[in-house]
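Visitor: I would like a close look at one part of this model, namely the surfaces where its pieces meet one another. Please take the contacts in order and give the cut-offs behind each term.

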2 protein chains.
Amino acid sequence: MTPAVSCASAAPRRRRKDARPSELLAAALELFVEKGFAATRLTDVAAHAGVAKATLYLYFDSKEALFRAVVAQGIVPLFAAAQSELGDYSGSASDLLVELLTRWQREVGATPLAGLYKLIIAEANNFPELVQYYHDEVIVRGRAMLADVLRRGMASGEFREIDVDATIDVVIAPLLSLIVWRFSLHRCGAGVDPGLLLQTHFDLLLHGLCVQRRTP
Amino acid sequence: MTPAVSCASAAPRRRRKDARPSELLAAALELFVEKGFAATRLTDVAAHAGVAKATLYLYFDSKEALFRAVVAQGIVPLFAAAQSELGDYSGSASDLLVELLTRWQREVGATPLAGLYKLIIAEANNFPELVQYYHDEVIVRGRAMLADVLRRGMASGEFREIDVDATIDVVIAPLLSLIVWRFSLHRCGAGVDPGLLLQTHFDLLLHGLCVQRRTP
DNA sequence: AATATTAATGACCGAAAGGTCAGTAATGTA
DNA sequence: TACATTACTGACCTTTCGGTCATTAATATT
């Protein structure tokens, strides 16, 4: 017999074979980012996706497989973002650099996808091959783009000649800090204004902190 | 009877009541930082400290209590570092800033203690009150020191007048990136040279990336 | 050397969570 | 409406791991 009066939350069972995987991945990403891999219960992931735990196993072989799928699928857009063409940009290298980082912040840094960074950092030693994957597909490509911009600026005489790799680290560090803040420290204190931080970062990066003028 | 021939690894049992806690804390810090809280087995922690799991419970009430003790004890030196007096420094604000960050990198950033940062980031949502603790005792104090230096520089006309809080974020971001690299991404690629990174950071921070001179 | 104290441990317990499966019910087809 | 297909699930199994305790043995005391 059907449950008497269908006690309020008796959501009818639905069959949506193709919507499940992405919904499960989204739920898993959210919980993995929030709690970490080991502390996340598959029951919670399933519940978050409006489904029973057993259903999860129709689409993923194991908890580890789910985790890998989350990372792999999450990396695709990052990969795409890192592939975006610089093309024939006509402005200055400074403008290009600012444009690039601003766009990244808007299209990646400010989305749920940025949580992947925290997740990979946190689970790095438990899933070394995923870190390698992330490194090769995202970090290397992203850095290559920035290196290109920096070299353009140096070649045109707009930028000073300094170590490119180290500069890249300095350039992206505040963006990564922003992610950490968003996903880990967001409850403390007055928080950070991403816009102001980026603006200040660009200002300092391009012009420096000191007042005194410099000789070309 | 004593075990026959004491099969090679029969380390004799030792009673060292006062050495155990610190050894257990050190082992726990290492494993928590490497694997995270949930993925760390107490058996492994105990083994790392050369002791049986049950012994761990002579000194700590639970896994959570051990974790809190690790954080609390680890924070003490950080707290102390953040308390270190700027005193009557006679050099320029630039020199003071560089000195401060360099010392921090040497005395904290390059030690096992820096792992606490990764750990707190990773477990932030599972232990909110520890994040608050870390925030109040370490972050706030550290930022206060940097704010002091920056305001000195602005007051003396050495630094430009810019947002202090945002600048602090930019100033410390590369140091935090270095920690992340050390504890999470260290296997990938060619790695980062901390010295070169800091040097480049200071150079960019104080003088900027662009060649063109600026009007005072 | 004999005894007392207590640090240390191996063996065990119970709960929790990953994983499985026989059965249920939603949908398509005739 | 009747039937077939299969997405979905509740209930169950099994292992792992946090936590406990009776027992052992290292040190102090006499």
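Guide: What follows goes through the interface between the two protein chains, then the interface between two domains, and then the surfaces near the DNA strands.

This is a predicted model, in which local features need pLDDT of at least 70 and side-chain atom pairs count only at pLDDT 80 or more, while totals for chains, interfaces and linings use all residues. Residues are numbered from 1 along each chain as its sequence is written, chains are lettered from A and ligands numbered from 1 in the order in which they are written, and side-chain values use heavy atoms, with hydrogens and water left out.

Between the protein chains, 57 residues of chain A are in contact with 57 residues of chain B, contact meaning heavy atoms within 4.5 Å. The size of an interface is often given as the accessible area lost when the parts come together. Here chain A and chain B bury about 5700 Å² between them, with 64% of it on carbon and sulfur atoms; buried area is the accessible area (1.4 Å probe) that two parts lose on being put together, summed over both. Of the area that chain A buries against chain B, 13% is supplied by Arg160(A), Leu209(A) and Val211(A), more than any other three residues give.

Arg160(A) also takes part in a salt bridge with Asp203(B), whose closest N and O atoms are 2.6 Å apart. The interface of chain A and chain B has 2 salt bridges, each defined as a side-chain nitrogen of Lys or Arg within 4 Å of a carboxyl oxygen of Asp or Glu. Across this interface of chain A and chain B there are also 20 residue pairs in polar contact, with both residues at pLDDT 80 or more. A polar contact is a pair of N or O atoms within 3.5 Å; within protein, one must be able to donate a hydrogen and the other to accept it, and residues adjacent in sequence count only if both atoms are side-chain atoms.

The elements that give two or more residues to the side of chain A that touches chain B are α1 (20-35), α5 (93-109), α6 (115-123), α7 (128-155), α8 (164-185) and α9 (194-207) of chain A, where helices (H or I, at least four residues) and strands (E, at least two) are DSSP runs numbered from the N terminus. The largest share of that side, 12 residues, comes from α8(A). By class, the side of chain A that touches chain B has 32 nonpolar, 15 polar and 10 charged residues; Ala, Val, Leu, Ile, Met, Phe, Trp, Tyr, Cys and Pro count as nonpolar, Asp, Glu, Lys and Arg as charged, and the others, Gly among them, as polar.

Within chain A, the domain assignment gives domain 1 (16-60) and domain 2 (74-207), with bounds that come from an automatic or database domain assignment. The centres of domain 1 and domain 2 of chain A, taken over C-alpha atoms, are separated by 29 Å. The area buried between these domains of chain A is about 550 Å², of which carbon and sulfur atoms give 77%. On the side of domain 1 of chain A, Leu29(A), Val33(A) and Phe37(A) lose the most area to domain 2, together 83% of what that side buries. The count between domain 1 and domain 2 of chain A is 0 salt bridges, and 2 residue pairs are in polar contact across their interface.

Turning to the DNA, of the 23 residues around strand D, Arg20(A), Thr55(A), Tyr59(A), Arg15(B) and Lys53(B) come nearest, a residue being near a molecule or strand if one of its heavy atoms lies within 4 Å of it. A base oxygen of DNA strand D is 2.6 Å from an N or O atom in the side chain of Lys53(B), and α3(A) gives the most to the surface near this strand D, with 4 residues.

Around DNA strand C there are also 23 residues, of which Arg15(A), Lys53(A), Arg16(B), Thr55(B) and Tyr59(B) come nearest. A polar side-chain atom of Tyr57(A) lies 2.9 Å from a phosphate oxygen of DNA strand C, and α3(B) gives the most to the surface near strand C, with 4 residues. The residues of that surface near DNA strand C divide into 8 nonpolar, 3 polar and 12 charged.
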